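Q: Please take a close look at one part for me, the lining of the cavity, and then set it beside the other features worth pointing out. I am in my first year, so a careful walk through would help.

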Amino acid sequence: MEEDELVMDQSAYEMYHQAQTNSPCLSFDIISDDLGQNRSDYPHTCFMVSGTQAEPTQPNNLIVMKMSNLKRTFKEQKEDDEDESDSDSEDEDEKPELEAALVRHSGTVNRVRATRFDDKVLAATWSELGRVYIWDLTEPLQAVSDSKLMSEFVKKNSQLPLFQFNGHQTEGFALDWSSNVKGQLATGDCNKNIHVWTMIDNGWMVDQRPFVGHTNSIEDIQWSPNEPTVFASCSSDQSIRVWDIRASPLKANMLTCDQAHSNDVNVINWNKNEPFIVSGGDDSQIKIWDLRLFKDNRPVGIFKYHTKPITSVEWNTNDSTVFAASSEDNQLSIWDLAVEKDDQEQMNDDDEATKDLPPQLLFIHQGQKEMKELHWHSQIPGVLVSTAQTGFNIFKTISV
């Protein structure tokens with residue numbers, strides 16, 4: 001049976017744009033910029049770093065991107081037909097622009113995360129070859145904003161990583177920079193080991209003693225947004241663990257929820273304002289954990305809508321009750337914990353199409369195949385970027 005072709009309701013989006021790269025980028029991060037906080041005026045500009053998963057015969061790259069001229073795409077219908085007479089040159093002005101600077105990368109990029117401090121932007125990447133690299137993105141970032149620098153950057157065609165760590169001895173996916181301690185990084189591999197990196201004068205010192213507790217592959221790591229020595233991890237051993245690096249690696253596992261999901265726990269994200277962690281698993285469920293009740297092994301919320309494994313979860317940086325999730329069912333969902341059932345019932349008294357949906361479900365975004373990762377833009381409230389096998393979407397819904 002053929003799937004029905006989905007028709008996009010353009011009125012549900014304030015802004016919606018697509019972008020493609022030569023090879024799929026199944027991990028990316030948004031780079032904070034100097035263009036201001038809480039931006040609402042169009043057109044928008046967004047800087048990102050992503051990593052390719054190229055075909056075996058093709059080279060892999062770290063890609064620094066600048067998306068600009070991101071205009072509002074939904075406009076109220078005008079009574080007259082002024083828009084029909086727009087010239088071709090005006091149509092050209094409407095198009096978004098994408099500039100990309102490529103840095104050659106050894107192996108496919110399993111995950112990439114960026115951090116900004118002082119006057120630099122650094123990116124850490126997990127390679128399928130079992131190495132973790134750190135890159136200085138200063139030159140590629142300058143290149144995407146200046147055509148002359150771009151031609152020089154392309155001619156040079158070589159940039160080496162600042163640092164690399166081979167101590168994991170197998171590949172991994174878990175990777176996170178601390179937002180509290182400059183240059184502090186945690187990495188987890190498929191062989192259940194976690195290493196913490198500390199910045200020193202001439203690079204990084206990586207504690208060779210792994211943090212021990214998980215019994216299977218580490219899938220995700222998140223530093224606490226408030227406690228500089230605390231991070232959380234999740235694993236295909238079905239558990240979520242909270243660690244404190246003031247203790248030795250053998251004794252640092254302070255809290256454990258053993259059966260957080262009924263299958264692999266793929267992703268976690270720590271709320272910046274509340275003591276909540278959101279998790280997503282292979283069981284297709286999304287769960288909310290209150291760290292004050294973590295020892296009880298009971299989530300304070302369970303959300304069932306998706307039908308396949310959850311691939312990404314992230315709290316909205318500008319609204320602490322809102323989060324988004326993506327799934328292998330080719331859907332991205334936006335949720336609001338503040339919505340009560342009674343509120344929703346008043347809004348949709350007799351709506352058969354929505355009566356069986358969880359009341360906290362605000363929005364469903366579709367149209368991408370094999371969605372892998374999403375991020376909110378912290379400086380442009382409500383803007384989400386998602387990546388999939390079919391490319392990037394950058395959008396703002398009317399719901400958030």
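**The cavity lining and its surroundings**

A: The lining of the largest cavity is made up of two nonpolar residues, five polar residues and one charged residue. Please keep in mind as you read on that the model is a predicted one. The residues that line this cavity are Asn269, Trp270, Asn271, Lys272, Asn273, Trp315, Asn316 and Thr317, and the space they surround has a volume of about 40 Å³. When the whole structure is searched, one cavity of 30 Å³ or more is found.

From the cavity we can move to the largest pocket, where about 920 Å³ of space is found. Lys272, which belongs to the cavity lining, is also among the residues nearest the centre of this pocket, together with Asp29, Ala114, Asp176 and Glu314. In total, 38 residues line the pocket, and by class they comprise 16 nonpolar, twelve polar and ten charged residues.

Several strands share in building that lining, since at least two residues come from each of strand 2 (25-31), strand 6 (109-117), strand 10 (172-177), strand 14 (218-223), strand 18 (265-270), strand 22 (310-315) and strand 26 (371-376). Of these contributions, the one from strand 6 is the greatest, at six residues.

Salt bridges are the next feature to follow, and the structure as a whole has eleven of them. In one of them, the side chains of arginine 72 and glutamate 14 come together with an N to O distance of 4.0 Å. This pair joins distant parts of the chain, 58 residues apart, with glutamate 14 in strand 1 (residues 13-19) and arginine 72 in the loop between strand 4 (60-70) and helix 1 (88-94). Arginine 72 counts as partly exposed because its relative accessibility is 36%, a value that falls between the limits of 20% for buried and 50% for exposed.

A second salt bridge brings together the side chains of arginine 39 and aspartate 33, at 2.8 Å from N to O, and here both arginine 39 and aspartate 33 are buried. A third is formed by lysine 156 and glutamate 139, whose closest N and O atoms are 2.9 Å apart. Because glutamate 139 lies in helix 2 (residues 138-143) and lysine 156 in helix 3 (residues 147-156), this pair ties together parts that are 17 residues apart in sequence. Lysine 156 is partly exposed, with a relative accessible area of 44%, and glutamate 139 is partly exposed as well, with a value of 36%.

Strand 28 (residues 391-397) offers another place to look closely, and threonine 397 is found there. With a relative accessible area of 2%, threonine 397 is buried. The side chain of threonine 397 reaches the backbone nitrogen of serine 399 at 3.0 Å, and it also reaches the backbone nitrogen of valine 400 at 3.4 Å. If neighbours within four places in sequence are set aside, threonine 397 is in contact with Ala12, Tyr13, Glu14, Ile334, Phe363 and Gly382. Glu14 in that list is the glutamate 14 that meets arginine 72 in a salt bridge.

Isoleucine 394 also lies in strand 28, and it is buried, with a relative accessible area of 4%. Not counting residues up to four places away in sequence, isoleucine 394 touches Met15, Tyr16, His17, Cys46, Met67, Leu70, Val383, Leu384 and Val385. Between the C-alpha atoms of isoleucine 394 and valine 196 there is a separation of 33 Å, and the two residues are 198 residues apart along the chain.

The last stop is histidine 105, whose place is in strand 5 (residues 97-105). At 3% relative accessibility, histidine 105 counts as buried. The side chain of histidine 105 is joined to that of threonine 125 by a polar contact of 2.9 Å. Threonine 125 appears again among the residues that histidine 105 touches, which are Asn60, Asn61, Leu62, Thr125, Ser127, Tyr133 and Trp135 when residues up to four places away in sequence are not counted. Histidine 105 and lysine 95 are ten residues apart in sequence, yet from C-alpha to C-alpha they are 30 Å apart in space.

Key:
Residues are numbered from 1 along each chain as its sequence is written. This is a predicted model: local features need pLDDT of at least 70, side-chain atom pairs count only at pLDDT 80 or more; totals for chains, interfaces and linings use all residues. Side-chain values use heavy atoms; hydrogens and water are left out. On a 1 Å grid over the protein atoms alone, a cavity is a set of points where a 1.4 Å probe fits but cannot get out, and a pocket is an open set with protein on both sides within 12 Å along at least five of seven lines; lining residues have an atom within 4 Å of a point. Grid points are joined across faces, edges and corners, and a volume is the space filled by probe spheres set on the points. Helices (H or I, at least four residues) and strands (E, at least two) are DSSP runs, numbered from the N terminus. Ala, Val, Leu, Ile, Met, Phe, Trp, Tyr, Cys and Pro count as nonpolar, Asp, Glu, Lys and Arg as charged, and the others, Gly among them, as polar. Buried means under 20% relative accessible area, exposed over 50%, partly exposed in between (1.4 Å probe, protein chains only). A polar contact is a pair of N or O atoms within 3.5 Å; within protein, one must be able to donate a hydrogen and the other to accept it, and residues adjacent in sequence count only if both atoms are side-chain atoms. Contact means heavy atoms within 4.5 Å.
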